[in-house]
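Hi everyone, thanks for coming. Please have a look at the sequence and the structure, and then I'll walk you through them.

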Amino acid sequence: MRRTRNSRSARLRFAALATALALGAALGACSPGAPSAPSPGTSGDEADPQDGAASPAPLPSGELVSASPDDLRLGVAVAGGGHHLETGLGSGTALADETYASLVAENFTSLSPENQLKWEWLRPERETFDFAAADELVAFAQEHGLAVRGHTLFWHSQNPAWLTSGELDDDELREVLREHVETVVGRYAGQIEQWDVANEIFDDHARLRTQDNPFLGRFGVEIVADVFRWAHDADPEAVLFLNDYAIESIGPKSDAYFELVQELLADGVPVHGMGFQGHLSMKYPKPGDMRENLERFAELGLEVAVTEADVRMAVEDGVASPEDLAAQAGYYEVMLDACLEVDSCRSFTVWGLSDAFSWVPFFFAGEGAATLLDEEYRVKPAYVALVDRLATGR
Ligand code: G3I
């Protein structure tokens, strides 16, 4: 078992946090409110003497990082673009908010741009790259000593219309992809540690997405190898991942990746990692065999990573029950345990800092509360459970 950074201080922080959370939860203070803009700066540390309530759950204050083994990156997706375009955030990134920015800087060691490195964001027009938002995130990460996970170079979603309209012939399409990969990876060479090179290339039936993905439909699976080679040439140090959801357990979809990645490795393709997104739902059982699944990829010599963890549940008017919030912790624990138990899992990323920024309510009506912090940035039982688990080391 490896030593944690500061296991004594982590345990003390954990004990204080668990007590504070228990007090808050006993009074129902931890339940998230209906979706709304977060109220940064409202720490909620002091109870209102008028209503006689005790302290609600606290804001996080570096407990995850203090408890974490030195060789594990703890990541968070930084909100911006995508579903946020329909919210008060508009086209900005949440880092403009001081509380949000300091919570990211103090509580994580890695960040993933949630949308700002996707094609629709970087390539609004064929001839134009727009790196402004991505540059801002990378600069923020550097300023605060965070690593960056790049997401993503090759996907069936969030592509600009000029790319998917079918107007490019095969040579043009291939050339545009090569140029994109080389330009984007090259720009951030030495600054983006890991890339989700190819994202979600198999569908829910474990079939290659030849219908949805504009490149797979035209060139077949061979193009995946090219994308990895181009990315590797552009930044030989970057760790290059395949990445997908619903592959946490062993089954047809994770098997499809297991076969593909072995073929790629046998062909000498520079694929270095397998990313398990970890978008779980409490409607379904926990992925009890996740460690075993990660282990089989690790045995191929790959890094593995949990890249987009969140755990959604049924909510009523945006509010989750205390019982469900308590049960949610077990789902997060399964994912963190799997990662901690596999040596080559060096990165565990959650998809959103707080429920105020989660993609879940926009995609799943009646579900939410999927992240570690509520809409006021207060810690939930899942957060406390992860601190506890990290403090025991690998
Ligand atoms: O493209 C439409 C546009 O035509 C329409 O006018 C506009 C207004 O509703 O919506 C646009 O789609 C939005 C899309 O982002 C593109 O901007 C969706 O509403 C919006 O919900 C979507 O959200 C992003 C989603 O990826 C897209 O699939 C989320 O912000 C982002 O968190 C989410 O992240 C993905 C990872 O990249 C990959 N893994 C799954 C994860 C969660 O879905």
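Let's begin with residues 26-50, where pLDDT stays under 50. The model still has 58 contacts beyond four places in sequence for this stretch. Remember that what you see is a predicted model. Where pLDDT is low, the predicted coordinates should not be read in detail. Overall, the average pLDDT of the protein is 90, and 86% of the residues score at least 70. Another stretch to treat with care is residues 1-6, where the pLDDT is below 50; beyond near neighbours in sequence, residues 1-6 have 17 contacts in the model.

Now the broad view. The protein has 394 residues, and 48% of them count as buried. Its secondary structure comes to 14 helices and 10 strands. If you take contacts between residues at least 6 apart in sequence, 79% join residues at least 24 apart.

Let's follow some of the strands. Strand β1 covers residues 73-78, and four bridges join it to β2, with the two running parallel. One pair to find on your screens is Gly75 and its bridge partner in β2, Ser110. How do β1 and β2 fit together with helix α3? With helix α3, residues 98-107, they make a right-handed β-α-β unit.

Stay with β2 for a moment, residues 110-113. In a regular strand the side chains alternate between the two faces of the sheet. Here both faces are covered: Ser110 and Ser112 are buried on one side, and Leu111 and Pro113 are buried on the other.

From β2 we move on to β3, which runs parallel to β2 and is joined to it by two bridges. Ser110 appears again here, standing opposite Ala147 in β3. So keep your eye on Ser110: its partner in β1 is Gly75, and it also stands opposite Ala147 in β3.

Strand β3, residues 147-154, also holds Thr152. What kind of peptide bond joins His151 and Thr152? It is a cis bond, with omega about 0°.

The next neighbour is β4. Four bridges join β3 to β4, and the two run parallel; Arg149 stands opposite Gln194 in β4. Why do I call β4 largely enclosed by the rest of the structure? Because six of the six residues of this strand, residues 194-199, are buried.

One more step takes us to β5, residues 239-244, which runs parallel to β4 and is joined to it by five bridges. The pair to look for there is Trp195 and its bridge partner in β5, Leu240.

Just before β4, have a look at Gln191, in the loop between α7 and β4. Is Gln191 buried or partly exposed? It counts as partly exposed, because it has 16 C-beta neighbours inside 10 Å, and a residue needs 20 or more to be buried. Leaving aside neighbours within four places in sequence, Gln191 is in contact with Val138, Gln142 and Val148. Ala238 is 47 residues away from Gln191 along the chain, yet their C-alpha atoms are separated by 8.8 Å.

Arg218 makes a nice companion example. You will find Arg218 in helix α8, residues 214-219, and with 16 C-beta neighbours inside 10 Å it counts as partly exposed. Not counting residues up to four places away in sequence, Arg218 touches Asp170 and Leu173. Asp170 is 48 residues from Arg218 along the chain, and their C-alpha atoms are separated by 7.2 Å.

Two backbone details come next, both in the loop between β10 and α14. Ala369 has a phi near 55°, a positive value in a residue other than glycine. Tyr377 also has a positive phi, near 70°. Ala369 counts as buried because it has 28 C-beta neighbours inside 10 Å, and Tyr377 counts as buried because it has 26.

Let's finish at the ligand. Which residues are the closest to it? They are Gly82, His83, Ser157, Trp359 and Phe362, out of 15 residues that surround the ligand. By class, that shell has four nonpolar, eight polar and three charged residues.

Terms used. Residues are numbered from 1 along each chain as its sequence is written. This is a predicted model: local features need pLDDT of at least 70, side-chain atom pairs count only at pLDDT 80 or more; totals for chains, interfaces and linings use all residues. A residue is near a molecule or strand if its C-beta atom, placed from the backbone, lies within 6 Å of it. Ala, Val, Leu, Ile, Met, Phe, Trp, Tyr, Cys and Pro count as nonpolar, Asp, Glu, Lys and Arg as charged, and the others, Gly among them, as polar. A residue is buried if 20 or more other C-beta atoms lie within 10 Å of its own, exposed if 12 or fewer, and partly exposed in between; C-beta atoms are placed from the backbone. Two strands pair if DSSP finds at least two bridges between them. A crossover is right-handed if, with the strands pointing away from the viewer, the path from the first strand over the helix to the second runs clockwise. Two residues are in contact if their C-beta atoms, placed from the backbone, lie within 7 Å. pLDDT is the predictor's confidence in each residue, from 0 to 100.
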